[in-house]
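Please open the structure in a viewer and keep the sequence panel in sight. The stops below are best visited in order.

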Amino acid sequence: MNFDALLLSFRLAAVVSAVLLVLALPLAYWLAFTRWRGKFLLESVVALPLVLPPTVLGFYALIALGPRGPLGRLWQYLFGHTLAFTFAGLVIASLVYSLPFAVQPLIASFESLDRRLLDASSILGASRARTFFRIILPLSWPGLVTALVLSFAHTLGEFGVVLMVGGNIPGITRTISIDIYDRAQALDFAAANHTALLLLGISFIVLALVYGMNRRVWSPWLAK
Amino acid sequence: MAGEVTVSMLSVSIRKEFRAAGTPCFLLDVKETFAPGFTVLFGPSGAGKSTLLDCIAGLLRPDDGVIQLNGEPFFDSARDLFLPPQHRRTAYVFQSLALFPHLSVEENVAYGLSALSSAERRELVERILPAFHIEPLRARKPGELSGGEKQRVALARSLVTQPRLLLLDEPLTGLDAALRLAILQDLRAWNAASRIPILYVTHNREEVDAVGERVVALINGRVQESGTPRAVLDAPRSIALAHAAGFENLLHVHVVEHRAADGVMRVALDSTNCELEIPLGTEPPGAAVQVAIRAGDILLATESPRALSARNILPGTLESLEPRGSLVVAQVRAGACFTVHLTPGAIRSLQLVPGLRVWLVLKTHSCHVVLP
C-alpha cells in the first residue's frame with residue numbers, strides 16, 4: 001500500500017474540513033436565519049458541486065488557479081509560485097468541491113432549532129454572538145459533527161478535481177484515489193484492492209457514525 | 001398621567017398586519033394601557049394574544065404605533081425607533097417555557113445575568129432558587145424535571161433578571177390544580193414585592209380568579225372588552241367572547257316585548273313558542289339577538305317547580321347524559337337544545353335517565369344578550 005498517498009489524502013481531508021468548518025458556520029448561519037428573498041440564489045451556488053461533474057469544477061479551478069487566473073496571479077504575486085499542481089491549490093479546489101457537504105448539515109441543524117430558545121436568549125439580554133456560542137452551537141453539535149465528517153470523507157475520496165488541479169505528483173498531489181486508479185491501470189489489482197478496501201471501510205465507519213448520531217443514539221440531553 | 005413617573009405604566013397602541021399569499025389575513029390592532037399588577041389577557045386561540053406579547057417583548061416589529069413603558073419608548077414608528085429585545089428588560093415566559101436543554105437549572109437561571117459580576121450573579125441566584133423551591137434541582141438538566149419543576153425554573157429564570165415588565169403566556173397549562181395554585185401563590189408574593197405590569201395569558205377561569213385584578217378580552221386582534229373578571233367573563237357582550245369564556249348555551253331568540261317597569265324583556269326562542277324573561281336591553285321588539293347561558297347556571301327539576309323567584313321555567317325532555325370528569329353533561333330539549341351541568345350525586349338522587357320529563361329553571365340574570 002502507498003502510505004505516502006494515504007497520508008497525503010488524510011492531510012488534505014483534515015485541512016479542508018477544518019477550514020470548511022470555519023467558512024461554513026457563518027455562511028450556514030446566514031442562510032438559515034436571513035429573511036432575504038434572494039437567498040435561494042446563494043443556496044443554489046453552494047449546492048452546485050453536488051451536481052456538477054468534478055471535471056467541470058476541476059477545469060474551472062485549474063483556470064482560476066493557473067498563472068493567468070485571478071487567484072493564481074494573486075498567489076504568484078504573494079508567494080512567487082503558481083497554485084496549480086500544489087498542495088495549496090488542491091486545498092482551495094477541494095474547499096469548493098466539499099462546501100455543500102459542510103454547509104447543508106449545518107443549515108438543517110440550525111433550522112431545526114426551536115426558535116423560542118433563541119427568542120428566550122435575546123429576551124434574557126444575550127447578544128447575537130452570545131446566543132450563537134451559548135445556545136445555537138452547543139445544540140447543533142450533531143450537525144457540526146456531520147458537517148465535519150462528511151466534508152472529511154468527501155475530500156478523502158475525491159478524484160476528478162484532484163486529477164485536474166493537482167495532476168499526479170507523488171507526495172504532493174498523488175492522493176489515495178489517484179493511487180488506486182494508477183494501480184488498476186498498471187493491472188496491480190491486489191494493491192488497488194487493498195487501498196480500495198481501506199477507503200470502503202473508512203467511508204462505511206464514517207457514515208455509520210453520522211447516521212447513528214442523527215438518530216440520537218449518543219445524544220445525552222436531547223433523548224426523551 | 002402627565003408628570004407622574006412613580007408608577008410604571010405600559011401603554012401600547014399598535015397595528016400589525018399579517019399576510020398570506022399577498023392578502024391580509026390577520027390584523028392586530030390594540031390600544032390599551034396596563035397598570036402595575038396582574039392583567040389577564042383572555043381570548044380564544046388565534047385572537048392574537050401571543051402576537052401582542054411578541055410585539056411588546058420586541059420579538060416582532062409592529063407596522064406602526066407606539067409602545068412605551070413608563071414614558072420610555074420601546075417602539076415608535078413615527079421616529080423609526082425599535083429597541084431590540086435585549087435592551088427592553090422585559091421577562092417573557094413562553095407557553096413552551098423554552099428552557100435551554102443543555103444547561104443545568106442553575107445555568108438556566110443565571111443565563112440572563114451575564115452582565116453582572118460573578119459575585120452579584122451568585123447572590124441573585126442563591127436568593128431566587130429557594131424562593132421558587134428549586135434549590136435541590138440546581139444541578140439537573142431540564143430533561144430531568146417534572147412539568148411543575150420546569151415551570152418554576154422558567155419563572156425563576158425570568159424574574160431573577162429584575163425585569164420592568166413581565167409577560168406570561170399560559171405558563172401554568174398542563175399542571176394539576178393544586179400545583180397551579182401553589183405556583184400562583186409564589187407569583188402573587190413576588191408581585192406584592194415588585195409592582196410592575198404583568199400580562200398574563202390564560203384560558204383557565206380558576207387562574208383568572210386567582211390573579212385577575214383586571215381582564216382584557218382580545219378577540220380577532222382587537223380588545224373587545226376590559227374590566228373586572230366578573231364584568232368581562234360573567235356577562236360577556238359578544239358571541240366570540242361568550243364562546244371563549246365557556247358559555248355552553250347560545251340561543252337564537254327574538255325580542256317580543258319590553259317590560260321597563262320590571263327591568264326585563266321577554267324573548268322567544270326562534271321557531272318555537274318558548275319564551276324567556278331576560279334583563280332589559282336596548283334591542284327593539286322584533287329584533288333577532290342571541291342569548292348566552294352557562295350550563296352551570298341552569299337548574300334541573302323532575303317535577304314542575306312552584307313558588308320560585310326564578311322567572312323562567314321551561315318543560316322539556318332529558319335527551320342524554322355524558323359523564324365528563326367530576327361533572328355530568330346533560331342535553332335537554334326544551335324548545336331549543338340546552339346543555340346543563342349536573343353532579344353525579346344529583347343524577348343518582350333524582351334518578352335521571354334519558355327520556356325523562358324535566359323542567360329547566362333559569363334566573364333572569366343568568367341570561368346575557370350577546371351581539372355578533
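The tour moves from one whole chain to a helix pair, then to the interface, the core and selected parts of the other chain. Please bear in mind throughout that this is a predicted model.

**Stop 1: chain A as a whole.** Select chain A and display it as a cartoon. The chain holds 11 helices and zero strands, so that a coloring by secondary structure should follow the order α-α-α-α-α-α-α-α-α-α-α from the N terminus on. Along the principal axes, the C-alpha atoms of chain A fill a box of roughly 65 × 45 × 30 Å. Of the 224 residues in this chain, 38% are buried. If contacts in chain A are restricted to residues at least 6 apart in sequence, 73% of them join residues at least 24 apart.

**Stop 2: a pair of helices in chain A.** Select residues 3-33 of chain A, which form helix α1, together with residues 87-111 of chain A, which form helix α5. How do the axes of these two helices cross? They come within 7 Å and cross at roughly 45°. An angle that is neither under 35 degrees, nor over 145, nor from 65 to 115 counts as oblique, and α1(A) and α5(A) are therefore oblique to each other. The crossing of α1(A) and α5(A) is right-handed. Sorted by class, the residues in the contact of α1(A) with α5(A) comprise 22 nonpolar, two polar and one charged.

**Stop 3: where chain A touches chain B.** Display both chains and color them separately. At this interface, 17 residues of chain A are in contact with 19 residues of chain B. On the chain A side, select α6 (115-123) and α7 (128-139), each of which supplies at least two residues of the side that touches chain B. Which element gives the most to that side? It is α6(A), with six residues. The side of chain A that touches chain B has 10 nonpolar, three polar and four charged residues by class.

**Stop 4: the largest nonpolar core.** Select A:V165, B:A156, B:L167 and B:L360; within the largest nonpolar core, which has 146 residues, these four touch the most other members. The element that gives the most to this core is α5(A), with 12 residues, and α5(A) is the helix already seen crossing α1(A). Next, center the view on B:A156. Leaving aside residues up to four places away in sequence, B:A156 touches B:V109, B:I128, B:L129, B:F132 and B:I134.

**Stop 5: a covered helix in chain B.** Select residues 49-57 of chain B, which form helix α1 of that chain. Eight of its nine residues are buried, and the helix is mostly covered. The buried residues of α1(B) are B:K49, B:T51, B:L52, B:L53, B:D54, B:C55, B:I56 and B:A57. Extend the selection to B:G58, which follows α1(B) and has a positive phi, near 95°.

**Stop 6: two loop residues in chain B.** Select B:Q162, in the loop between α4 (147-159) and β8 (165-169) of chain B. The phi of B:Q162 is near 50°, a positive value in a residue other than glycine. Then select B:E170, in the loop between β8 and α5 (177-193) of chain B. Its phi is near 45°, again positive in a residue other than glycine. Is each of these residues buried or exposed? B:Q162 is exposed, because 12 other C-beta atoms lie within 10 Å. B:E170 has 20 C-beta neighbours inside 10 Å and therefore counts as buried.

Key
Residues are numbered from 1 along each chain as its sequence is written. Chains are lettered from A and ligands numbered from 1 in the order in which they are written. This is a predicted model: local features need pLDDT of at least 70, side-chain atom pairs count only at pLDDT 80 or more; totals for chains, interfaces and linings use all residues. Two residues are in contact if their C-beta atoms, placed from the backbone, lie within 7 Å. Helices (H or I, at least four residues) and strands (E, at least two) are DSSP runs, numbered from the N terminus. Ala, Val, Leu, Ile, Met, Phe, Trp, Tyr, Cys and Pro count as nonpolar, Asp, Glu, Lys and Arg as charged, and the others, Gly among them, as polar. Axes are lines fitted to C-alpha atoms, for helices over the stretch in contact, and angles run from 0 to 180 degrees between N-to-C directions. A crossing is left-handed if the near helix is turned anticlockwise from the far one by less than a right angle, and right-handed if clockwise. A nonpolar core is a set of buried Ala, Val, Leu, Ile, Met, Phe, Trp, Tyr and Cys residues joined through C-beta atoms within 7 Å.
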